[in-house]
Amino acid sequence: MATVSFLDATRVYPGADHPAVDKLNLEIGDGEFMVLVGPSGCGKSTSLRMLAGLEEVNAGKITIGDRDVTDLPPKDRDIAMVFQNYALYPHMTVADNMGFALKMAGVPKAERDQRVLEAAHLLGLETFLARKPKALSGGQRQRVAMGRAIVRQPQVFLMDEPLSNLDAKLRVSTRTQIAALQTRLGVTTVYVTHDQVEAMTMGDRVAVMKDGLLQQVDNPLTLYDKPANLFVAGFIGSPAMNLITGEIVEGGVKVGDYVVPVARDILSKVTDEKTLVLGIRPENFKIATDGIAVDIDVVEELGADGYLYGTLAGLDEDEKLNATQIVARVSARTPPQRGTTVKLTTDPAIMHVFSEKTQERLSD
């Protein structure tokens, strides 16, 4: 096991006008499960491949433990990688696939067989050792790919969107298995995904990336409760946080005909802006007699909860097409009807306030 450090690590692809990863600084603790998350093209997979030695580091450096691995070939980095497409040898059995790297490394057959059997037991693959990949389901193949990484007993596991080829139900069960397995093994793990729900449920800490830049790194609850900027606020959470722009007035921010109260100390941070962005989680909205007026377009009833989807009241049809959608979670037993107008309010103490100009968080 080991710590991993990215120190101003930068990757610029030939012919590109900006870095794919730009001066990434990230410390990953010994035994930590770190998730890199962000939209397509944000640099998360490139960062992982730089750590694996599959991409050149154009500036800065990467260390594993006390070793500078920036210029080392992949085989000398003591890492094991799990790919999105499993990358299993179709002509080999499960046991041979899992033990292949050990065989290439000259590990004696008795030790090799023992390590394969231990990994198979951990992953519930004992009965599949004699099968070939074509006789396995997608979830079973993914476990074989995991097993192949485990038997090598590396210092660091690297996982590049390993669940993206699985169906929705299997993804949920497999992600809990991976998280539980990592806890048992205690191996430092760097996991890449574009799915923020995956990131929130699996990682000890989550690093959010955009356009090659690290936006924020923290534990999942802190990311949810105190996003550093508008991008993190809109990316983390499902359904996403409502981000509503309003005009700064005395006592708060005016949205439609309603003034949302905003603390004076927050408003005092603003000097040359006339508008602010309010961030309100769907579950923090309450239906009230006074508040932001919203025309309800869709009502989703999900059993325990219901979700209202609408736009600010009073907009014409053309304006509605370009208006920001507002989402509120309500009781599914007595939801408002589609086509009606409701008034939504929230507790100012749990509301997020952002600068529209800098995109940065203003509230504590």
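**Helix packing and sheet arrangement in the predicted model**

Helix α2 (residues 94-104) packs against helix α4 (residues 138-151) with an angle of about 30 degrees between them and a separation of 8 Å between their axes. The coordinates analysed here are those of a predicted model. Angles under 35 degrees count as roughly parallel, and α2 and α4 are therefore roughly parallel to each other. The crossing in which α2 passes α4 is right-handed. On the α2 side, the contact is formed by V94, N97, M98 and L102, while α4 contributes V144, G147, R148 and V151. Classified by residue type, this contact of α2 with α4 comprises five nonpolar, two polar and one charged residues.

A second element of the model is an open sheet of five strands, in which the order is β13-β12-β11-β14-β20 and the pairing is antiparallel. The edges of the sheet are occupied by β13 (258-261) and β20 (352-355). Each of these has a single partner strand, so one side of each remains without a neighbour in the sheet. On average, and with direction ignored, neighbouring strands of this sheet are turned by 45 degrees against each other.

Within the sheet, strand β11 (residues 242-249) pairs with strand β14 (residues 275-280) in the antiparallel sense, through six bridges. One residue pair in this arrangement is that of G246 with its bridge partner L276 in β14. Strand β11 is also joined to strand β12 (residues 252-255), again antiparallel, by three bridges. Here E247 has K254 of β12 as its bridge partner, and V249 stands opposite G252 in β12. The hairpin of β11 and β12 has two residues between the strands. In this hairpin, G251 adopts a positive phi near 90 degrees.

Elsewhere in the model, D8 is located in strand β1 (residues 4-11). The relative accessible area of D8 is 38%, and the residue is partly exposed, a class that lies between the limits of 20% for buried and 50% for exposed. When neighbours within four places in sequence are left aside, D8 is in contact with K23, L24, N25, A59 and G60. The C-alpha atom of D8 is separated by 34 Å from that of T174, a residue 166 residues apart from D8 along the chain.

Note on methods
Residues are numbered from 1 along each chain as its sequence is written. This is a predicted model: local features need pLDDT of at least 70, side-chain atom pairs count only at pLDDT 80 or more; totals for chains, interfaces and linings use all residues. Side-chain values use heavy atoms; hydrogens and water are left out. Axes are lines fitted to C-alpha atoms, for helices over the stretch in contact, and angles run from 0 to 180 degrees between N-to-C directions. Helices (H or I, at least four residues) and strands (E, at least two) are DSSP runs, numbered from the N terminus. Angles under 35 degrees count as roughly parallel, over 145 as roughly antiparallel, 65 to 115 as roughly perpendicular and the rest as oblique. A crossing is left-handed if the near helix is turned anticlockwise from the far one by less than a right angle, and right-handed if clockwise. Contact means heavy atoms within 4.5 Å. Ala, Val, Leu, Ile, Met, Phe, Trp, Tyr, Cys and Pro count as nonpolar, Asp, Glu, Lys and Arg as charged, and the others, Gly among them, as polar. Two strands pair if DSSP finds at least two bridges between them. Buried means under 20% relative accessible area, exposed over 50%, partly exposed in between (1.4 Å probe, protein chains only).
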